[in-house]
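Pull up the model and keep the sequence beside it. We'll take a walk through the fold, one part after another.

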Amino acid sequence: NNPAFVEEIFGPVVTLTPFSTDQEALDLANSNRYALGASILTSDLNRAHRLLPHLNAGIVWANTHHRNSPDAPWGGFGDSGVGRENGLEAHHHYTQPVTFINRISDTPEDWFSSQPARYG
């Protein structure tokens, strides 16, 4: 019921919450409908890599926070927005493919003749 775990807080907020097991830490981290980012602060990077696939967050940092690269997708899961900023994911999100065919021949075209006009 801690607001820091159930609200999407934008600001300089850090919570320190004790936990006994990795599963308890994951349950705390994933216990909300927002999932923009998560930070793992640990001296054991192997542990961070083990936990990473189980965190419900669009971006996960280990021993740092809010760093990003312009070519890395940025965005959340759940109620933390739609789509991605940066990277190819953003390009695909903000664009839509269109097929354009331009006939430049002056020769009349008969789709119903024996010649395949459609695929010619």
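Helices here are DSSP runs of H or I with at least four residues, strands are runs of E with at least two, and both are numbered from the N terminus. This is a predicted model, so local features need pLDDT of at least 70 and side-chain atom pairs count only at pLDDT 80 or more, while totals for chains, interfaces and linings use all residues. Residues are numbered from 1 along each chain as its sequence is written, and side-chain values use heavy atoms, with hydrogens and water left out.

Let's start with the strands. S2 (37–40) and S3 (residues 59–62) run parallel to each other, paired over 4 bridges; two strands count as paired if DSSP finds at least two bridges between them. To find the register, look at Ile40, whose bridge partner in S3 is Ala62. Put helix H3 together with S2 and S3 and you have a right-handed β-α-β unit. Right-handed here means that, with the strands pointing away from the viewer, the path from the first strand over the helix to the second runs clockwise.

Each of these strands has two faces. On S2, Ala38 and Ile40 make up the covered face, while Gly37 and Ser39 sit on the uncovered one. On S3, the covered face is Ile59 and Trp61, and the uncovered face is Val60 and Ala62. Trp61 is buried, at 6% relative accessible area (buried means under 20%, exposed over 50%, and partly exposed in between, with a 1.4 Å probe and protein chains only). The C-alpha atoms of Trp61 and Ala38 are separated by 6.3 Å, with their positions 23 residues apart along the chain.

Now follow the chain into the loop between S3 and S4, where you'll find Asn63. Asn63 has a positive phi of about 60° although it isn't a glycine. Most residues other than glycine have a negative phi. His66 lies in the loop between S3 and S4 as well, and has a positive phi of about 65°, again without being a glycine. Asn63 is partly exposed at 40% relative accessibility, whereas His66 is exposed at 54%. Trp74 is also found in the loop between S3 and S4, and is buried, with a relative accessible area of 15%. From the C-alpha atom of Trp74 to that of Leu16, 58 residues away along the chain, the separation is 25 Å.

What about the largest pocket? Its volume is about 1,400 Å³. The pocket search uses a 1 Å grid over the protein atoms alone: a pocket is an open set of points with protein on both sides within 12 Å along at least five of seven lines, as opposed to a cavity, where a 1.4 Å probe fits but cannot get out, and lining residues have an atom within 4 Å of a point. Grid points are joined across faces, edges and corners, and the volume is the space filled by probe spheres set on the points. Of the 40 lining residues, the closest to the centre are Thr15, Gly37, Ala38, Ser39 and His65. Helix H1 (3–6), H2, S1, S2 and H3 each supply at least two residues of the lining, and H2 gives the most, with 5. By type, the lining divides into 24 nonpolar, 12 polar and 4 charged residues. Ala, Val, Leu, Ile, Met, Phe, Trp, Tyr, Cys and Pro count as nonpolar, Asp, Glu, Lys and Arg as charged, and the others, Gly among them, as polar.

Finally, how many salt bridges are there? The count comes to 2, taking a salt bridge as a side-chain nitrogen of Lys or Arg within 4 Å of a carboxyl oxygen of Asp or Glu. One of them joins Asp22 and Arg47, whose closest N and O atoms are 2.5 Å apart. Asp22 lies in H2 (residues 22–29) and Arg47 in H3 (residues 45–51), so this pair ties together parts that are 25 residues apart in sequence. Asp22 is partly exposed at 22% relative accessible area, and Arg47 is partly exposed at 27%.

A salt bridge also links Asp79 and Arg33, at 3.0 Å from N to O. Asp79 lies in the loop between S4 (77–78) and H4 (87–94), and Arg33 in the loop between H2 and S1 (34–35), so the pair ties together parts that are 46 residues apart in sequence. Here Asp79 is partly exposed, at 47%, while Arg33 counts as exposed, at 53%.
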